[in-house]
Amino acid sequence: MAELEMIVKPLLSWYDGHARVLPWREDHSPYRVWVSEIMLQQTRVEAVKPFFERFVKALPDVKTLSECPEDRLLKLWEGLGYYNRVRNMQKAARVIMSEYGGAFPGDYDRLLSLPGIGHYTAGAIGSIAFGIRMPAVDGNVLRVLSRVKASREDIMKQSVKAAMEREVKEIIPAGRAGDFNQALIELGAIVCVPNGKARCRECPLAFCCRAKAEGIIEEIPVKKAKKERRVEARTVLILREGDRVAIRKRPAKGLLAGLYELPNMEGHLGEEEVLGQVRRWGLAPLRILPLAGAKHIFSHVEWQMTGYAVSLEETEDMDRDGLIFIDAKETEETYPIPAAFGAYAGYMDIVLGQEKYEERQKDV
Ligand code: ADE
């Protein structure tokens, strides 16, 4: 019998009684499972809920996703970050349209071959939507199982993850593959949690958990520190011309590709340097006001920002170096602006991304 076989029954009975009610669990269509799993890869369940509801309402199926204009697509993803995830989803949607007549393939290897779908997502869609007995091992599952086994192997290593996937695959019960994978994820999300908060007294696996028996829950899982983030200084500008503010589109490649941004420059610039740059853009500054500093953390880079609000004389000059002057509300409704600029968007009286939802939820 596989070492982990004993977890199957207690885990499923626990899930039957404790699974949270979540929007993507209402129906298990592959499209909804896919959207939710991609969103959940970098974002907490509570934060994902409103994004998920809005996304599937706006783009209810593979076809609408495959046809969505890029700006609108990025706007629907605004605040979730890691925008390549949604671009890859659109690429995958186009493949599903052209090669599978718009229906998700119910086959693990075909799922895996789609853009943006790796082992985890193929396992999640395969098991939850199609009942395929393949594992979906994410960080939650690695934590739970490393603790049950009291394994001190480094879960950041691909080889450790692959070995865990093989072990899980052996014990996935026929007929309940999706529930089993979700039960492991759910246990890691609400019971077998990190940072000294594990709720072992509520855990259906406490009876066989070796880390608990050995009193080493907090030492497991072992995660080798990631590479340090590069720190970048930037100066962000609110350029105001009457009621309008300037934004511009970022290049098609690289960080935050294709999104819109507040004009910004490398380095922490002084007032005179900023005014010089503004004039080189063909604009006529009237007043300049320094704004508070702000920080934004991406996966590999950290931006340390300073900012200025600059009011401009209204001009007829059309040569503006890619700057677009728009009504601030239009930005909120139409142009996808990444949350990295959230601190400065406040000066335009708009809110971005997740904060937007948190604010709206408070109003209800
Ligand atoms: N995290 C990743 N996938 C999940 C799911 N299906 N339900 C809840 N949390 C998750």
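Glu67 is exposed, with a relative accessible area of 51%, where exposed stands for over 50%, buried for under 20% and partly exposed for the range in between, with a 1.4 Å probe and protein chains only. Its partner Lys63 is partly exposed at 44%, and the two form a salt bridge whose closest N and O atoms are 3.1 Å apart, a salt bridge being a side-chain nitrogen of Lys or Arg within 4 Å of a carboxyl oxygen of Asp or Glu. Glu67 and Lys63 are four residues apart in helix H4 (residues 62–67), and therefore separated by about one helical turn; helices (H or I, at least four residues) and strands (E, at least two) are DSSP runs numbered from the N terminus.

The model is predicted, so that local features need pLDDT of at least 70 and side-chain atom pairs count only at pLDDT 80 or more, whereas totals for chains, interfaces and linings use all residues. Residues are numbered from 1 along each chain as its sequence is written, and side-chain values use heavy atoms, leaving out hydrogens and water.

The count comes to 21 salt bridges, including two that link distant parts of the chain.

| Pair | Closest N and O atoms | Separation along the chain |
|---|---|---|
| Arg25 and Glu186 | 2.9 Å | 161 residues |
| Arg152 and Glu219 | 2.8 Å | 67 residues |

Arg25 and Glu186 are both buried, while Arg152 is partly exposed at 46% and Glu219 is partly exposed at 41%.

No disulfides are found in the whole structure, a disulfide being a pair of cysteine sulfur atoms within 2.5 Å. The sulfur of Cys200 lies 6.4 Å from its closest cysteine sulfur, in Cys209, which is too far for a bond.
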